Amino acid sequence: MTVVQEDLKSLAEQAGRDLEEASALDILTWAADTFGDRFCVTSSMEDAVVAHLASRARPGVDVVFLDTGYHFPETIGTRDAVEAVMDVNVITLLPWQSVEEQDAEYGPELHDRDPDLCCALRKVKPLEDGLKGYSAWATGLRRDESPTRANTPVVGWDEKRQKVKISPIARWTQEDVEAYVAEHGVLTNPLLMDGYASVGCAPCTRRVEEGEDARAGRWAGRNKTECGLHS
C-alpha cells in the first residue's frame, strides 16, 4: 500500500468514527468536499435515494450504473428517468462481453450454472474498471437489509479496490427510505410496487414473500446473498 493509500485508509477510518451519527446529507457533503471530482455514487436503480442526496451535496455528481445486459426493462427506465430529471451525470458501465459473446464463450445461462462467475464478469470487473478514476464511491447499503450488511460503516475502507467507501444511509431503515422518497418525490423502480423488495438482474431476482428479508429474492435457492461488489 502506498503512502497515499495509507493516508486515505486512515482518513476513511477516522471519518467512519466521526460521522457515525451524522445525517446522510452531511456524510455526502463531507465526501463531496473532501474528494471533489474523484467522488462518485453507484446506483442499481432500485431507487434514486442516494443519487438524490448526493445531488444536493454536489450538483452534477457522477452516478455510476452497471448495465449487465440482464436488467429488467423497468430498471433501465428508472436509469433513463434519473438521468432526465435529476442534477446528476449518469455514467453507464458495460461488461467487456455482450450477453451473446459471453454465451458463446461460457455457454448459455451462465447465471444459472455459475452465478458467481457471471457476477464477476458482468458486475465486479466492470465496476473495478469504472472506479479507477475515483478515490471514493458511495453506495446505498443499509445495515437492516441482511445479516451480511449489519456492520456496514457509514465511511470505511474498501480494501479490495483501495478506495474510500461511503454508505450514507447505512443507519437508515426501510421506513426512513420510504419517508425520504415521499418527502422529496424521489424516483423509485416500479418493481418495488410489484412484490420485489430488492432489484437485481432479472434471471436471478424474484418477488419476496411476507416475512422474508429484503434480499431473499436474490439468487433464491442458492447459497449466495451478494454479487461480489460489496465483499
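**Exercise 1. A helix pair**

Determine which residues in helix 5 and helix 7 meet, and how the two helices pack.

*Solution.* Val99, Gln102 and Tyr106 in helix 5 meet Leu117, Cys118, Leu121 and Arg122 in helix 7, a contact being heavy atoms within 4.5 Å of each other. The model is predicted, with local features requiring pLDDT of at least 70 and side-chain atom pairs counting only at pLDDT 80 or more, while totals for chains, interfaces and linings use all residues. Residues are numbered from 1 along each chain as its sequence is written, and side-chain values use heavy atoms, with hydrogens and water left out.

Helices (H or I, at least four residues) and strands (E, at least two) are DSSP runs, numbered from the N terminus. Two packed helices are described by the angle between their axes and the distance between the axes. For helix 5 (residues 99–106) and helix 7 the angle is about 140 degrees and the axes are 12 Å apart, where axes are lines fitted to C-alpha atoms, for helices over the stretch in contact, and angles run from 0 to 180 degrees between N-to-C directions. Helix 5 is therefore oblique to helix 7, since angles under 35 degrees count as roughly parallel, over 145 as roughly antiparallel, 65 to 115 as roughly perpendicular and the rest as oblique.

**Exercise 2. A second helix pair and its setting**

Describe how helix 2 and helix 3 pack, and establish what the buried residues of helix 3 pack against.

*Solution.* The axes of helix 2 and helix 3 lie 9 Å apart, at an angle of about 60 degrees, and the two helices are therefore oblique to each other. Their contact is made by Ala24, Leu25, Leu28, Thr29 and Ala32 of helix 2, together with Val50, Leu53, Ala54, Arg56 and Ala57 of helix 3.

Turn next to burial, where buried means under 20% relative accessible area, exposed over 50%, and partly exposed in between (1.4 Å probe, protein chains only). Helix 3 (residues 49–57) has eight of its nine residues buried, so it is largely enclosed by the rest of the structure. The buried residues are Val49, Val50, Ala51, His52, Leu53, Ala54, Ser55 and Ala57. They pack against helix 2 (24–35), strand 1 (39–42), strand 2 (61–66), strand 3 (88–93) and helix 8 (174–184).

**Exercise 3. The nonpolar cores**

Which residues have the most contacts inside the largest nonpolar core, and what does phenylalanine 39 contact?

*Solution.* A nonpolar core is a set of buried Ala, Val, Leu, Ile, Met, Phe, Trp, Tyr and Cys residues joined through side-chain atoms within 4.5 Å. The largest one has 42 residues, and Phe39, Val155, Val164 and Ile166 have the most contacts inside it. With neighbours within four places in sequence left aside, phenylalanine 39 is in contact with Leu28, Ala31, Ala32, Val61, Tyr134, Ala136, Trp137, Ala138 and Ile166. A second, separate core of eight residues includes Cys40, Leu66, Leu127 and Trp137.

**Exercise 4. The annotated cysteines**

Which residues does UniProt list under "binding site", and where do Cys118 and Cys204 lie?

*Solution.* The unreviewed UniProt entry lists Cys118, Cys119, Cys201 and Cys204; UniProt positions follow the numbering used here, feature names are shortened, and annotations may be inferred rather than shown by experiment. These cysteines are spread over 87 residues of sequence, yet they cluster in space, with a largest C-alpha distance of 10.8 Å.

Cysteine 118 belongs to helix 7 (residues 115–130) and, at 6% relative accessibility, counts as buried. Not counting residues up to four places away in sequence, cysteine 118 touches Tyr70, Gln102, Leu110, His111 and Lys123. Cysteine 204 lies in the segment after helix 8 and is also buried, with a relative accessible area of 14%.

**Exercise 5. Glycine 156 and two positive phi values**

Locate glycine 156, and find the values of phi for glutamate 109 and glutamine 162.

*Solution.* Glycine 156 is in strand 5 (residues 155–158) and counts as buried at 10% relative accessibility. Although 145 residues separate glycine 156 from leucine 11 in sequence, their C-alpha atoms are 8.9 Å apart.

Most residues other than glycine have a negative phi. Glutamate 109, which is not a glycine, has a positive phi of about 55 degrees; glutamate 109 sits in the loop between helix 5 and helix 6 (110–113) and, at 47% relative accessibility, counts as partly exposed. Glutamine 162 has a positive phi near 60 degrees, and is found in the loop between strand 5 and strand 6 (163–166).
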